Amino acid sequence: MTAARFQRLRQVLECRQPDLTIVTDNVHKSRNLSAIVRTADAAGIGKMYCAMPDKDYKAFRGTAMGSHSWVSVQRKPDVSAALIPLKEQGYQVLATHLASDSVDFREADYTRPTVILLGAEKLGVSVAGCELADMHITIPMRGMVQSFNVSVAAGIILAEAERQRQLAGLYANRRLDDKTYYRTLFEWAQPKLSEYCRENGLAYPALDDDGELVDGLAWQHAVRDDRAAKFDW
Ligand code: SAM
């Protein structure tokens, strides 16, 4: 880990938006999900949810690379299980869906705690998803085709969310709480060591400005008598 790389990890975490997320409603194509995760990362989303069957999720995880290390993706068995806890925490749910009461996506206020609900490739947002939505939003379509690819729609909407949040100063100061920030920073900077700590019930040791253990030798000695010898330093 170079100091520059560690600094980059910190900068990314300092932009994370704990009150902006995505729920996918049975989006099942791995390449679409991967593109959505990548776009979420770019907008500062650190956690998102996929409502989908377990077997499809396992297939997606099997092909997942890159940005998946930086965004926590949680599977939910259905859209209600994903949305209800978020609504209880005060999130507004914006369903990307063409309905008689749909509004242009640019009219929504993305500076509020917000879930963007994306629908399945063929069927769109489910009835349950639409019913749980606070607002239905659409991106205007001026051509012959009636809809975007779901990952493209995610990109367009998240660009607007990012624009509004940037204007509101929401990327200017760290918004993650200390616990989440330092835990995630350690896991990103020291993935193998964090895995070892979790497996062995050890607290994460402190890191210096280069992302290395403050006193690595002392820490190794402290855990040596435990199971540290098994760890591949
Ligand atoms: N036949 C489906 C329907 O009626 O919703 C089309 C689904 S579209 C290919 C897949 C998803 O992309 C949608 O559920 C929505 O999340 C998003 N999407 C595509 N075009 C959109 C648009 N113009 N406005 C908002 N969301 C859109």
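Before I come to the first residue, a word on terms: helices and strands here are DSSP runs, H or I of at least four residues for a helix and E of at least two for a strand, numbered from the N terminus. What you have above is a predicted model, in which local features need pLDDT of at least 70 and side-chain atom pairs count only at pLDDT 80 or more, while totals for chains, interfaces and linings use all residues. Residues are numbered from 1 along each chain as its sequence is written, and side-chain values use heavy atoms, with hydrogens and water left out.

Let me begin with the chain as a whole. Its secondary structure comes to nine helices and seven strands, and its C-alpha atoms fill a box of roughly 65 × 40 × 35 Å along the principal axes. Of the 233 residues, 41% count as buried, where buried means under 20% relative accessible area, exposed means over 50%, and partly exposed lies in between, with a 1.4 Å probe and protein chains only. If we take a contact as heavy atoms within 4.5 Å, then 71% of the contacts in the chain with a separation of 6 or more are between residues 24 or more positions apart.

Now to the sheet, for which two strands pair if DSSP finds at least two bridges between them. What is the order of the strands in the open sheet? The seven strands run S3-S2-S1-S6-S4-S7-S5, with parallel pairing. The edge strands, each pairing on one side only, are S3 (72-76) and S5 (103-104).

Within that sheet I would like to dwell on S4, residues 92-96. Five of the five residues of S4 are buried, so this strand is largely enclosed by the rest of the structure. Gln92, Leu94 and Thr96 point one way from S4, whereas Val93 and Ala95 point the other way. S4 pairs with S6 in the parallel sense over four bridges, and there Val93 stands opposite Val115. Three bridges join S4 to S7, residues 135-138, and these two strands also run parallel; in S7 the bridge partner of Thr96 is Ile137.

Moving along to S1, this strand and S2 (residues 47-51) pair in the parallel sense over three bridges, with Val23 opposite Tyr49 in S2. Helix H4, residues 79-88, lies across S1, S2, S3, S4 and S6, and runs at about 160 degrees to S1, the angle being taken on a scale from 0 to 180 degrees between N-to-C directions, with axes fitted to C-alpha atoms and, for helices, over the stretch in contact.

Just after S1 comes the residue I promised, Asn26, which is found in the loop between S1 (20-25) and helix H2 (30-43). Most residues other than glycine have a negative phi. Asn26, although not a glycine, has a positive phi of about 65 degrees, and at 37% relative accessibility it counts as partly exposed.

Two further residues are worth placing. Is Lys122, in the loop between S6 and helix H5 (127-132), buried or exposed? Lys122 is exposed, with a relative accessible area of 81%, and its C-alpha atom is separated by 21 Å from that of Lys58, 64 residues apart along the chain. Gln164, in helix H6 (residues 150-167), counts as buried at 12% relative accessibility. Leaving aside residues up to four places away in sequence, Gln164 touches Arg106, Ala108, Asp109, Tyr110 and Thr111.
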